Amino acid sequence: MLSRNVVAVCAGAVLLGVAGCGGGGDTTKDPAPTQQNQGLGQVDPCAVLTQEELNSLGFEGPGQKTGTSSEPGCAFDSMQFGITVSKNEEKTVEAYGKQDSFAKFDRLQIDGRPAASAISKNATQADACTAMFDAGGGVILVDVSLLRAKELDECGEALKIAEAIAPRMPK
């Protein structure tokens, strides 16, 4: 009888030890994504472009907050074209590339980071293009929509803006 109790206590101790080790392993893994996201979490899409950059693009005044809780952004509009800068802390360029929502998705590098120039299937006739690059555990998106400036290359403009702000974004 005593030997059965000793075996039961030892078995229980082993299970608790294994559970303790398993729990400890999980908690050391959890902070890594949080730490990565903290960098992008601190980024305000309305503040990524300097006033000088906005002026050189023909924008006056502050941008307007836009987007969703998972992809907050800021829109800047002029008479010629509009820019929306957004962030997504849950996706990467790779994740966007796997979506079936793009008519064009050209992978490239911006500031040594995975990046892409993309045109949504919904925007093929809308003169709109998105440049995106990985930042702070997520992705920064720069959308350019032409209004009257039909002579501009919307993808070229989006890439130019992304290249200007990428060095200031968290890795």
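In this model, Asp106 and Lys104 bring their side chains together in a salt bridge, with N and O 3.6 Å apart. It is a predicted model, and the structure holds 8 salt bridges. Below is a friendly tour of some of these pairs, a buried aspartate, the largest pocket and the overall make-up of the chain.

**The Asp106–Lys104 pair**

- Asp106 has a relative accessible area of 37%, so it is partly exposed.
- Lys104 is also described as partly exposed, because its relative accessible area is 25%.

**Asp111 and its charged partners**

- Where does Asp111 lie? Asp111 sits in the loop between S4 and S5.
- With a relative accessible area of 34%, Asp111 falls between the limits of 20% and 50%, so it counts as partly exposed.
- Asp111 forms a salt bridge with Arg113 through their side chains, at 3.2 Å from N to O.
- Arg113 is buried, because its relative accessible area is 4%, and the cut-off for buried is under 20%.
- Lys171 also forms a salt bridge with Asp111, and here the closest N and O atoms are 3.6 Å apart.
- This pair links distant parts of the chain: Lys171 belongs to the segment after helix H5 (154–165), Asp111 to the loop between S4 and S5, and 60 residues separate them.
- Lys171 has a relative accessible area of 67%, so it is exposed.
- Through shared partners, the salt bridges join Asp111, Arg113 and Lys171 into one network.

**Backbone notes on the S4–S5 loop**

- Most residues other than glycine have a negative phi.
- Asp111 is not a glycine, yet it has a positive phi of about 55°.
- Gly112 also has its place in this loop, between strand S4 (102–110) and strand S5 (113–120).
- Is Gly112 buried or exposed? Gly112 counts as exposed because its relative accessibility is 64%.
- Gly112 and Pro167 are 55 residues apart in sequence, while their C-alpha atoms are 9.4 Å apart in space.

**Asp134, a buried charge**

- Asp134 belongs to strand S6, which covers residues 128–135.
- Asp134 is buried and has no salt bridge.
- Which side chain of opposite charge is nearest to Asp134? That side chain is Arg113, 8.1 Å away.
- A salt bridge calls for a nitrogen and a carboxyl oxygen within 4 Å, so the 8.1 Å between Asp134 and Arg113 does not qualify.
- What does the side chain of Asp134 reach at 2.8 Å? The partner is the backbone nitrogen of Val93.
- Leaving out residues up to four places away in sequence, Asp134 touches Thr92, Val93, Arg113, Pro114 and Val139.
- Arg113 thus appears both in the salt bridge with Asp111 and among the residues that Asp134 touches.

**The largest pocket**

- Rolling a probe the size of a water molecule over the atoms shows where empty space is left.
- The volume of the largest pocket is about 210 Å³.
- The lining of the largest pocket is made of 15 residues, and those nearest its centre are Glu71, Thr84, Ser86, Thr130 and Asp143.
- Strand S2 (72–77), strand S3 (81–88) and strand S7 (138–146) each contribute at least two residues to this lining.
- Which element gives the most to the lining? S3 does, with 4 residues.

**A closer look at Ser86**

- Ser86 is one of the lining residues that lie nearest the centre of the largest pocket, and its place is in strand S3.
- Ser86 counts as buried because its relative accessibility is 7%.
- Setting aside neighbours within four places in sequence, Ser86 is in contact with Glu71, Pro72, Gly73, Val139, Ile140 and Leu141.
- One of these contacts, Glu71, is also listed with the lining residues nearest the pocket centre.
- Val139 is in contact with Ser86, and Val139 is touched by Asp134 as well.

**The chain as a whole**

- How many helices and strands does the chain have? The secondary structure comes to 5 helices and 7 strands.
- Starting from the N terminus, the elements follow the order α-α-α-β-β-β-α-β-β-β-β-α.
- Of the 171 residues in the chain, 36% are buried.
- Taking contacts between residues at least 6 apart in sequence, 50% join residues at least 24 apart.

Key:
Residues numbered from 1 in each chain as written. Predicted model: local features only at pLDDT ≥ 70, side-chain atom pairs only at ≥ 80, totals over all residues. Heavy atoms only, no water. Buried < 20%, exposed > 50% of the residue type's maximum accessible area, 1.4 Å probe, protein only. Lys, Arg positive; Asp, Glu negative; His and termini not counted. Polar contact = N/O pair within 3.5 Å; in protein donor to acceptor, adjacent residues only side chain to side chain. Contact = heavy atoms within 4.5 Å. 1 Å grid on protein atoms, 1.4 Å probe; cavity = no way out; pocket = protein on both sides within 12 Å on 5 of 7 lines; lining within 4 Å. Points joined across faces, edges and corners; volume = space filled by probe spheres on them.
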